[in-house]
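Colleague: I'd like a close look at one part of this model, the helix packing in the middle of the sequence. Could you walk me through it, and then through whatever surrounds it?

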Amino acid sequence: MKHDIRRILVAMVIPLFLIFVLYMIKILEIGMDWDFTHLGVYPLQQKGVFGIFAHPLVHSGFRHLFANTIPLFFLSWCLFYFYRSIAPYIFFIIWIGCGALTFAIGKPGWHIGASGVIYGLAFFLFFSGLLRKHIPLIAISLLVTFVYGGLIWNMLPFFAKETTSWEGHLSGAITGVLCAFAFREYGPQKPEAFVDEEEEETEEEMEDEESKDNNDDKPQSYAD
């Protein structure tokens with residue numbers, strides 16, 4: 001029990017630290033009357049290259065940040081709890097991949113916010129759970145679908161608001177799916193079935209072979 005609680009708390013460390021950083025950046029931006037929008041992605045422009053790395057840290061306002069806080073925390077916690085051995089790699093690839101794809105396909109303008117990372121995490125958790133066919137991970141897939149299934153509409157240009165970076169959302173989703181397929185052989189896997197039975201059968205076969213060997217060593221007798 002203590003081990004499970006400790007693991008839950010450890011999985012919260014990075015998500016909580018990230019949320020703390022996001023709020024500190026927003027408070028600093030407002031307090032110093034600065035504008036960090038230029039740290040976002042500006043597609044196909046040299047001035048927007050740095051945004052590939054920095055765009056999830058910048059938000060248009062506290063309302064934008066509040067909307068991203070809970071899903072970012074929950075989904076990143078799920079990643080670090082259920083996929084702890086590969087979580088840092090997945091998180092980094094989604095972060096950078098989302099920015100890089102947005103830089104390549106985005107409409108002119110500054111693309112900011114952690115929404116793309118949220119989409120990447122959601123799609124990774126969904127597809128990864130299905131691919132691994134492991135019941136706890138499938139349960140997480142279904143939970144993500146139930147809670148965040150509506151996200152899909154904001155990655156389509158026909159349904160997203162004009163001020164919404166649907167390209168960022170789509171980029172995150174694509175990156176998450178690619179990670180799910182690329183890392184399907186790594187991290188938690190479905191337990192092997194009937195392992196104990198196989199071991200027992202192997203032991204019985206070995207015992208039978210030993211008994212045969214012993215019988216072969218005995219001298220043969222012939223009846224008159």
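Modeller: Here's a walk through the helix packing, followed by the aromatic pairs and a few single residues. Keep in mind that this is a predicted model.

Some background to begin with. The protein chain has eight helices and zero strands, so to read it along the sequence is to read α-α-α-α-α-α-α-α. Of its 224 residues, 40% count as buried. If you take the contacts between residues at least 6 apart in sequence, 79% of them join residues at least 24 apart.

Now the part you asked about. Helix α3 covers residues 62-82 and packs against α5 at an angle of about 30°, the two axes being 9 Å apart. That crossing is left-handed. On the α3 side, the residues that take part are H64, N68, P71, L72, L75, S76, C78 and L79. They meet S115, V117, I118, L121, A122, F124 and L125 in α5. Sorted by class, the contact of α3 with α5 comes out as eleven nonpolar, four polar and no charged residues.

Helix α3 also meets α4. Here the axes come within 8 Å and cross at roughly 145°. From α3 you have S76, L79 and F80, and from α4 there are A87, P88, I90 and F91. The residues of this contact of α3 with α4 split into six nonpolar, one polar and no charged. If you compare the two lists, S76 and L79 turn up in the contact with α5 and again in the contact with α4.

A good residue to look at next is I94, which is found in helix α4. With 0% relative accessibility, I94 counts as buried. Setting aside neighbours within four places in sequence, I94 is in contact with V117, G120, L121, F124, T175, G176 and C179. Three of those names should ring a bell: V117, L121 and F124 of α5 also belong to the contact with α3. As for G176, its C-alpha is 6.2 Å from that of I94, although the two residues are 82 apart in sequence.

On to the rings. There are 16 aromatic pairs in the structure. One of them is Y42 with W110, an edge-to-face pair with 5.1 Å from centre to centre and 80° between the planes. Y42 sits in the loop between α1 and α2, while W110 sits in the loop between α4 (87-105) and α5, so the pair ties together parts that are 68 residues apart in sequence. Y42 is buried, at 18% relative accessible area, whereas W110 is partly exposed, at 32%. Then there is W77 with F82: the ring centres are 6.4 Å apart and the planes stand at 80°, so this pair is edge-to-face as well. Both W77 and F82 are buried. You'll also find an aromatic cluster made up of Y23, F62 and F66.

Two rings have a charge over them. The charged end of K47 sits over the ring of Y42, 4.3 Å from its centre, so Y42 is worth a second look after its pairing with W110. Likewise, R7 lies over the face of Y81, at 4.5 Å from the ring centre.

While you're at the start of the sequence, have a look at E29 in helix α1. E29 is a charged residue, and yet E29 is buried, with a relative accessible area of 6%. Apart from neighbours within four places in sequence, E29 is in contact with W34, D35, F36, T37 and H59.

Last come two backbone oddities. Most residues other than glycine have a negative phi. D33, though, has a positive phi, near 55°. D33 is found in the loop between α1 (2-31) and α2 (51-54), and at 69% relative accessibility D33 counts as exposed. K133 also has a positive phi, about 55°, although K133 is not a glycine. The place of K133 is in the loop between α5 (115-132) and α6 (135-148), and K133 counts as exposed too, at 56% relative accessibility.

Key
Residues are numbered from 1 along each chain as its sequence is written. This is a predicted model: local features need pLDDT of at least 70, side-chain atom pairs count only at pLDDT 80 or more; totals for chains, interfaces and linings use all residues. Side-chain values use heavy atoms; hydrogens and water are left out. Helices (H or I, at least four residues) and strands (E, at least two) are DSSP runs, numbered from the N terminus. Buried means under 20% relative accessible area, exposed over 50%, partly exposed in between (1.4 Å probe, protein chains only). Axes are lines fitted to C-alpha atoms, for helices over the stretch in contact, and angles run from 0 to 180 degrees between N-to-C directions. A crossing is left-handed if the near helix is turned anticlockwise from the far one by less than a right angle, and right-handed if clockwise. Contact means heavy atoms within 4.5 Å. Rings of Phe, Tyr and Trp (its six-membered ring) pair if their centres lie within 6.5 Å; planes under 30 degrees apart count as stacked, over 60 as edge-to-face and the rest as tilted. A charge sits over a ring if NZ of Lys or CZ of Arg is within 6 Å of the ring centre and within 35 degrees of the ring normal.
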